[in-house]
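Work through the exercises below with the sequence and the 3D structure at hand. Try each task before reading its solution.

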Amino acid sequence: MSELALVRVDGRVIHGAICMVWGTAVSATKIIAVDNVVAKNPVLKRITEAVAKNVPAKVVTVDEIVEMWKKDQFGDGRALVVFKTIAYALEAKNAGFDYDQLQIGLTLMDKDTQRLDKTLFISKKDVEMLEELEQKNVTIYTQYSPPLPAEPWKTSIKDKFKE
């Protein structure tokens with residue numbers, strides 16, 4: 001059974017900061033990225049996984065991460081799990097991936113989002129999904145990088161979101 005070193009939402013999925021900065025900060029021995037679109041496209045999947053040079057990385061669908069978790073909790077080591085979206089994080093939780101903390105790092109701009117700061121673009125639906133995760137006893141916080149302090153999501157997201 002892997003220890004969950006970090007479970008994070010980051011719209012960029014696997015990139016330099018995930019591999020080098022966060023991976024190192026949490027001593028990850030593997031990265032599991034969840035993006036249904038990339039995981040189903042062999043070319044994009046291969047390119048995305050190749051970004052991680054210092055630690056093995058895999059891009060999977062929500063269904064696949066739940067299956068991996070139920071099988072053997074990702075095997076040995078320390079797993080850094082990166083969800084592309086809050087929706088994927090909620091879907092995986094509801095389907096049986098049992099995590100108790102979720103870090104919101106960077107969310108991407110979309111048509112229904114508000115810009116809360118330089119890295120957070122949040123919609124009303126995102127806020128509702130975070131509230132649902134919180135009701136499932138998931139501690140949610142925002143943190144852009146390891147040297148910066150973590151902040152409760154209600155301070156950095158909910159209190160800034162304008163209905």
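**Exercise 1.** Which residues are linked with R8 in a network of salt bridges?

Solution. Note that the model is a predicted one. In this model, R8 is linked with D10 and R12 in a network of salt bridges. The structure holds 10 salt bridges. As background, side chains of opposite charge can pair when their charged atoms come close.

**Exercise 2.** Describe how helix α4 and helix α5 cross.

Solution.
- Step 1. Find the helices: α4 covers residues 62–72 and α5 covers residues 86–95.
- Step 2. Give the distance and angle: the two axes come within 9 Å and cross at roughly 40°.
- Step 3. Classify the angle. Angles under 35 degrees count as roughly parallel, and 65 to 115 as roughly perpendicular. α4 and α5 are therefore oblique to each other.
- Step 4. Give the hand: the crossing of α4 and α5 is right-handed.
- Step 5. List the contact residues: α4 contributes V62, I65, V66 and K70, while α5 contributes Y88, E91, A92 and A95.
- Step 6. Sort them by class: the contact of α4 with α5 has six nonpolar, two charged and no polar residues.

**Exercise 3.** K93 forms a salt bridge with D98. Is K93 buried or exposed, and is D98 buried or exposed?

Solution.
- Step 1. Check the pair: the closest N and O atoms of K93 and D98 are 3.1 Å apart, and a salt bridge requires them within 4 Å.
- Step 2. Recall the cut-offs: buried means under 20% relative accessible area, and exposed means over 50%.
- Step 3. Apply them to K93: its relative accessibility is 14%, so K93 counts as buried.
- Step 4. Apply them to D98: its relative accessible area is 51%, so D98 is exposed.

**Exercise 4.** Locate the salt bridge of K124 with E128 and that of K158 with E131 among the helices.

Solution.
- Step 1. In the bridge between K124 and E128, the closest N and O atoms are 3.6 Å apart.
- Step 2. Both K124 and E128 lie in helix α6 (residues 124–135), where four residues, about one turn of the helix, separate them.
- Step 3. K124 has 43% relative accessibility and so counts as partly exposed; E128, at 36%, is partly exposed.
- Step 4. The side chains of K158 and E131 meet at 2.6 Å, N to O.
- Step 5. K158 lies in helix α7 (residues 153–158) and E131 in helix α6, so this pair ties together parts that are 27 residues apart in sequence.
- Step 6. K158 is partly exposed at 33% relative accessible area, and E131 is partly exposed at 26%.

How values were computed. Residues are numbered from 1 along each chain as its sequence is written. This is a predicted model: local features need pLDDT of at least 70, side-chain atom pairs count only at pLDDT 80 or more; totals for chains, interfaces and linings use all residues. Side-chain values use heavy atoms; hydrogens and water are left out. Axes are lines fitted to C-alpha atoms, for helices over the stretch in contact, and angles run from 0 to 180 degrees between N-to-C directions. Helices (H or I, at least four residues) and strands (E, at least two) are DSSP runs, numbered from the N terminus. Angles under 35 degrees count as roughly parallel, over 145 as roughly antiparallel, 65 to 115 as roughly perpendicular and the rest as oblique. A crossing is left-handed if the near helix is turned anticlockwise from the far one by less than a right angle, and right-handed if clockwise. Contact means heavy atoms within 4.5 Å. Ala, Val, Leu, Ile, Met, Phe, Trp, Tyr, Cys and Pro count as nonpolar, Asp, Glu, Lys and Arg as charged, and the others, Gly among them, as polar. Buried means under 20% relative accessible area, exposed over 50%, partly exposed in between (1.4 Å probe, protein chains only).
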